[in-house]
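Work through the exercises below with the model open beside you. Try each task before you read its solution.

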Amino acid sequence: MTDTASATEAPKKTTLTVTIDGTPIEANPGELLIAAAERTGTYIPRFCWHPRMSEVGMCRMCLVEVSGPRGMSLQPACMQPVADGMVVDTKSSTVKKAQDGVLEFLLVNHPLDCPVCDKGGECPLQDQTLTFGPGESRFVEEKRHNEKPIAISDLVLLDRERCILCDRCTRFSKEVAGDPLIHFINRGNQTEVNTFPDDPFASYFSGNVVQICPVGALTASPYRFAARPWDLDQVESTCTSCAVGCRVVVQSSGDEITRLQGVDSDPVNWGWLCDKGRFDFESVSSSSRLSAPVVRAARGAADEKVSWSVANNRIASALRSYDPSQIGFIGGARLTNEDQYAYVRLAKQVLRTDNVDAQLGDGLAADAWLGFPRATIDDLGSAGAIVLLGPDLKEELPVLFLRLRDAATAKRVPVVEFATGPTGSTPYATASVRYRPGEVAVAAKAVVAAAGGNPAERQIGGAESDVINAAGAVLAKAMAAGRKIVVVLGRGSMAEQSASFVEAALSLRDASSGTVVLSAMRRANLHGALDMGMAPGLLPGRVTQAEGAAWYAAHWGTTPTSVGLDTMGMLAAAAAGAIKVLVLLGADPLADCPDHALAEAALAKVDFLVAIDTLPNASNAHADVILPAAGFAEKSGTTTNLEGRVTALSSKVSAAGTARPDWMIASELALILGVDFGYELVGDITADIAAVVPTHAGVTPDALGRSANADGIVVPVVAVVPESMPDAPADGAEASDEPVVPQVALPRPIRVRSTEGVVPVPDSYSLRLITSRVLYDLGSIVQASPSLAKLARPATVRLHSGEIERHAMHPGDLVRVVSQHGELTLPMEADDQLPRGVAFIAWNTAASGANMLINDAELAADGTTKVRLESGRNA
Amino acid sequence: MARFSPANLERAKELLSHYPRPKSATIPMCHLAQEQDGYLTEDAMGHIAELVGCSNAEVYGTATFYEMFKFHPVGTYVVGVCTNIACLLVGGEELLDHASDSLGIRPGATTADGLFTLEEMECLAACTEAPCLQVNYRYENKVTDEGFDRLVADLRAGKRNDIPRHGTLGAVRQSIPADRRAGVKAI
Amino acid sequence: MPAPTKMISTRWDQADGHTLDGYLRTGGYEALRKALAMAPEAVVDEVKAANLAGRGGAGFPCGTKWGFLPKDVFPRYLVVNGDESEPGTYKDRILLERDPHQLIEGVLIASWAIKAEQAFIYIRGEMPHAHERMAAALNEAYAAGYIGKNICGTDWSIDVVLHWGAGAYIVGEETALIESLEGNRGMPRLKPPFFPASKGLYMQPTVVNNVETLANLPWIITNGAAAFTSFGNEKNTGTRLFAVSGHVKNPGVFEVEFGTTTFRELFYDFCGGIRDDRRVKAFIPGGGSAPWFFEEDLDTPLDAGVVGGKGSMLGSGAIVVMDETTDMVKAAWRIVKFFAKESCGKCSPCREGTNWMEKIYRRILDGEGRPEDVNLLLDVADNISPGLTWPPRQTTICPLGPSAAAGALVSSIRRFPAEYEHYIVHGRPVDGLSTGVYRPSLTSAS
């Protein structure tokens with residue numbers, strides 16, 4: 001900078017200079033010394049510091065000499081913000097002595113049982129000791145003794161003797177998870193980590209404490225003694241348990257997965273995983289895996305194992321014998337983008353049927369996901385307000401809940417929640433708008449009105465006026481400041497009409513141009529499925545059939561000519577005999593469709609039922625042909641998270657039996673039907689998608705493999721799809737090699753249709769049903785993972801105690817929950833956090849589940865599901 | 001094992017009203033619970049967690065840091081003998097030995113009749129009165145062996161009405177009259 | 001012979017000195033009225049001019065401490081540190097039990113001066129009598145309009161809340177005290193960034209003052225800074241309370257002019273000399289943390305700077321005298337044992353190191369010492385407090401562990417290596433040395 005420049009206006013200095021071990025480095029204001037040093041190549045040893053948690057300066061391992069007004073002094077680098085001109089010595093004899101001393105202190109009471117410790121081989125304490133530590137201990141006294149590992153939860157064991165009291169697990173439980181169920185207890189040398197007596201560390205995030213423990217004090221029961229770190233082989237991949245898309249490393253020993261560890265992906269999971277994602281790899285090696293093609297001579301006939309060619313030909317001949325309108329594909333939301341693209345080509349190009357739906361009637365209309373301006377997870381932290389309009393994030397998208405919690409607590413972003421009862425997010429909400437089931441749009445419009453200066457003066461949609469007005473004030477403030485409003489949108493309950501959630505979101509969008517939507521749909525690759533066109537009326541790239549017809553005609557030759565049916569439509573058509581062949585792509589309509597009777601009738605009625613899946617379920621038990629599919633960690637490809645972030649999946653172990661990746665199955669069926677996709681490797685499809693699908697231009701295997709794209713690529717790569725083929729994608733992706741450029745205009749992006757739900761008719765006699773998912777349910781993956789299966793709670797019907805009393809019954813009594821369409825008998829559970837007038841049954845927690853009570857037609861007509869209680873069997 | 005009685009719940013609520021943040025009332029409430037039950041029960045800690053708005057484990061973590069809180073029943077009289085430096089120099093250790101012999105229990109233990117728990121204490125701020133001890137934190141100064149035996153006999157005989165049973169807070173509590181209250185602002 | 005100088009102990013012998021009546025009869029709350037007629041800044045200036053040093057241990061000037069509060073950041077709090085627990089210390093408890101209104105008046109003056117939102121009096125848990133006296137005094141003062149709404153008829157209002165500790169020495173450290181007052185484990189916070197003046201109670205600006213410090217304020221406001229500084233010497237103004245215990249004939253708590261009286265005068269003139277007229281072998285000049293002084297230090301004045309210059313501290317005014325028959329190894333062990341027991345457990349060096357040192361001591365005392373143990377003790381201590389200097393450097397957040405390392409342990413090893421060697425070689429103390437068996441006759445509780 002010249003004198004002249006500084007005389008006029010000195011640009012504010014944005015970096016500081018710190019000298020570490022004689023070398024000047026640039027550091028950012030506010031950066032901690034330990035982080036700045038590591039970033040520039042100087043590793044300062046530490047145990048307690050963790051970059052995603054507050055610093056506590058407890059272990060004292062990171063003591064280094066730092067210059068100050070009174071000369072050099074020992075300071076913990078983890079609590080020392082950098083300052084301009086600071087001089088740091090990390091290697092002086094004073095530092096070395098202090099660090100050696102700390103290490104010796106930590107080893108005073110630490111057992112030397114490394115050979116039998118799970119952490120042995122990947123233990124920071126062991127590594128530090130070998131690298132820096134003294135040769136032998138001068139401590140000749142007896143070490144502290146504790147009872148050997150105690151179970152602090154169903155999944156985590158604690159060996160207190162090994163604990164070095166770094167506060168990582170306890171800080172995680174309070175700061176990150178918000179489940180402060182483990183704590184330091186006692187004092188001084190007697191300090192230990194423990195739970196309150198008989199109050200276990202029952203957190204959905206408990207496995208993270210095992211991963212961040214710097215010693216072997218915390219171990220996960222699914223991994224204990226399973227492998228030694230040096231035997232493990234690993235690849236980086238993406239968790240496909242839900243749609244957050246947490247980055248993971250998948251570790252295996254031999255040909256078996258032994259462990260998943262979170263990877264710190266800055267825009268996504270920050271290194272955290274939920275326990276379901278961490279431990280449901282057990283299902284991969286489950287003995288119940290489908291491992292060979294099976295045909296059944298007739299419904300209920302015995303399984304007959306056949307070769308792939310026999311099974312494929314049987315399917316192909318069935319598909320050939322029906323009109324396209326008589327064929328339907330249901331499911332596919334858990335597959336890879338490549339699998340989905342291949343199936344869409346099979347259905348829409350080869351068979352020319354548009355009866356394709358990745359959702360199971362338990363989501364929202366596809367245009368809702370594709371037509372709103374989309375938000376990223378990071379937007380939560382910078383938003384002016386967050387609106388939760390859908391499911392309980394803690395139950396359905398746990399790591400998204402962690403990011404929401406961070407936004408609400410650390411970043412103080414106000415949260416408005418729309419809910420029918422308490423959720424995991426309620427404690428962090430500025431206003432929790434408690435609407436009556438079915439009336440979310442009514443309540444949302446009232447909040448929008450309040451934000452616009454028309455406060456509510458009475459209860460609206462079941463929500464109290466003061467809460468509506470408080471929520472309105474939050475939105476008004478965000479709008480006035482020109483800040484983004486992030487609407488986290490999903491289906492709050494399967495017993496409520498889906499349209500009202502979209503209607504609510506539309507009213508928020510119309511209220512502010514700063515509204516963006518973050519999807520809260522749970523299935524791992526639903527967003528990829530919709531991007532690939534797995535919905536009626538859609539083609540790949542977020543375009544409608546009408547808009548995309550020309551484009552895809554140019555690429556594929558043929559496309560459907562009329563809009564097909566969604567899943568509930570297909571089931572109704574099948575039940576009515578109009579659809580004759582159903583192909584279930586990893587789908588279980590009997591468990592997941594919100595109308596059990598309809599699904600049952602449909603599956604019973606179709607001429608031919610094909611199921612392609614990894615595990616047996618209630619629906620594929622009816623199939624005429626079952627094909628075993630390769631699952632998580634058995635195949636490569638890409639997946640798309642709820643932001644639209646495309647990341648790479650890696651295969652690590654061999655597929656079960658002869659199971660094949662779905663893309664290969666789809667390609668083989670297409671070939672038998674006369675169309676050769678030309679796919680030999682999965683990467684061929686990834687490249688094809690990048691070349692053909694407008695939103696995915698540039699998302700090539702090569703681009704995904706670049707370190708700059710380690711966190712994936714958010715599609716669409718260009719914010720607005722131009723009228724001509726993009727050839728220079730922005731943001732980290734580069735142009736794919738020689739894209740095929742058809743001479744037609746690019747389709748325009750989809751727009752969300754406005755929608756009007758119905759407002760349910762008040763009925764003081766009945767209760768309105770609420771049913772939404774819990775993390776551990778009867779889903780096939782949880783049930784095939786022994787560590788998780790035991791965590792699923794038996795189904796109950798939860799009611800306000802006043803409702804139980806009104807029916808002259810008691811908590812624990814069995815009660816018949818009766819709707820016009822079915823009934824269930826369940827034990828009652830009192831929950832006074834619920835309002836009166838509703839009944840909550842967790843989705844898919846009983847063999848006969850809440851969907852027995854729901855009727856799709858009634859939902860559409862009345863907007864909600866009404867039930868009444870009748871005294872049950874005598875328990 | 002008990003939650004707060006209605007009367008103590010009112011006291012607990014008054015304690016809450018003294019602080020800008022409810023969690024600050026944790027330790028005073030633990031004292032109140034210990035006064036009620038003689039020790040800090042799990043039910044009481046659960047009740048305190050509800051009142052101050054934190055988890056059971058957080059109350060437990062706080063309470064176990066402090067030596068005055070007991071997590072299982074102790075004697076009606078907790079006898080704490082100081083052996084820290086000022087008392088050590090004038091017979092504190094010998095007094096503790098004598099107390100141990102006389103009561104027939106080691107420090108940390110409780111007599112079979114449930115009347116006495118013996119503890120070794122750190123400095124009690126009565127150094128000029130050494131050797132000293134406390135019975136339920138009430139001082140006895142310059143204690144001799146004979147004096148100790150007389151004290152125990154008096155306690156057994158119910159002659160020391162000035163010493164309430166273990167856990168009892170001061171006989172006088174702070175109580176801020178509503179019309180004199182400046183008003184604590186939550187933060 | 002110097003006589004006691006009574007400034008803050010005037011009501012100790014007054015039977016009703018702890019009551020409002022007794023307090024008002026002897027001029028109580030006049031200073032408060034006077035302070036309320038002054039601007040808060042003027043009160044701060046007066047206290048600064050009085051050069052009132054903190055009486056809790058560190059000796060930091062009270063007015064300067066108040067001056068660290070960031071301008072215009074509110075709310076701010078006053079917290080009274082009444083968690084007196086330093087071995088040998090016995091002064092705050094007497095002030096609380098015998099003259100609670102004097103402290104309350106000091107609290108109010110300080111709160112007015114620093115514009116506090118609320119004040120908390122944190123009293124050590126094991127002092128129920130002090131608690132009762134303070135509770136009664138607060139109730140009286142509220143009823144009489146000295147605390148609460150519209151104090152003394154002005155439009156100033158403040159609540160003063162009595163808070164109980166529950167048994168943890170470390171809570172005497174000011175940041176640990178704040179943690180405890182927030183309902184947490186009393187574990188110290190790192191300074192920086194958590195200086196109470198900027199990030200204290202509830203992360204708001206906070207002043208933590210010792211009981212004795214605040215008890216001086218009524219006198220200073222009533223009589224003025226100039227009168228106050230006429231007592232003591234230039235850097236040590238006013239009076240101080242010293243508790244003298246151990247091997248003196250008449251142990252006691254004495255208020256004396258600060259900075260002028262010598263240890264010899266305290267021991268021989270105030271306390272009647274050493275028991276059985278023996279010689280002084282060692283004495284602790286300022287609480288269990290402090291490095292020891294010896295016979296040659298007797299003529300040192302009770303002047304913080306002079307004592308500090310000789311490598312120790314006046315600390316909390318806790319003086320413990322050990323005569324020539326004292327077993328130095330065992331005496332040092334007892335102090336190390338105290339710190340091992342009272343370590344909060346936060347920092348590894350203190351949590352593990354103090355306990356390790358205590359275990360080594362116990363082996364030596366049990367006759368199982370090894371020749372290398374003395375050097376091992378010194379090296380372990382050095383890893384807690386590099387250099388073993390005073391004031392101690394620390395590898396820890398607070399000075400608890402370093403006090404265990406650089407205080408009694410180092411003093412006794414450096415001065416009496418032969419006593420350690422004797423234990424290690426013979427498994428017992430040098431003949432004639434012991435630590436106890438001196439039993440004064442029983443007197444009833446005061």
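Three exercises on this predicted model follow.

Residues are numbered from 1 along each chain as its sequence is written, and chains are lettered from A in the order in which they are written. In this predicted model, local features need pLDDT of at least 70 and side-chain atom pairs count only at pLDDT 80 or more, while side-chain values use heavy atoms, leaving out hydrogens and water.

**Exercise 1.** Find where pLDDT stays under 50 at residues 719–744 of chain A, and decide how to read that stretch.

Step 1. pLDDT is the predictor's confidence in each residue, from 0 to 100. The mean for chain A is 92.
Step 2. Over residues 719–744 of chain A, pLDDT stays under 50. The model still has 39 contacts there beyond four places in sequence (contact: heavy atoms within 4.5 Å).
Step 3. Where pLDDT is low, the predicted coordinates should not be read in detail.

**Exercise 2.** Is Asn189(A) buried or exposed?

Step 1. Locate Asn189(A) in the loop between strands S8 (182–185) and S9 (192–195) of chain A (strands: DSSP E runs of at least two residues, numbered from the N terminus).
Step 2. Its relative accessible area is 8%. Buried means under 20%, exposed over 50%, partly exposed in between (1.4 Å probe, protein chains only). So Asn189(A) is buried.
Step 3. Look at its contacts beyond four places in sequence: they include Asn109(A), Arg144(A) and Lys359(C).

**Exercise 3.** Which residues does Ser348(C) contact beyond four places in sequence?

Step 1. Among them are Met58(A), Cys59(A), Phe105(A) and Gly353(C).
Step 2. Check burial: Ser348(C) has 1% relative accessibility, so it counts as buried.
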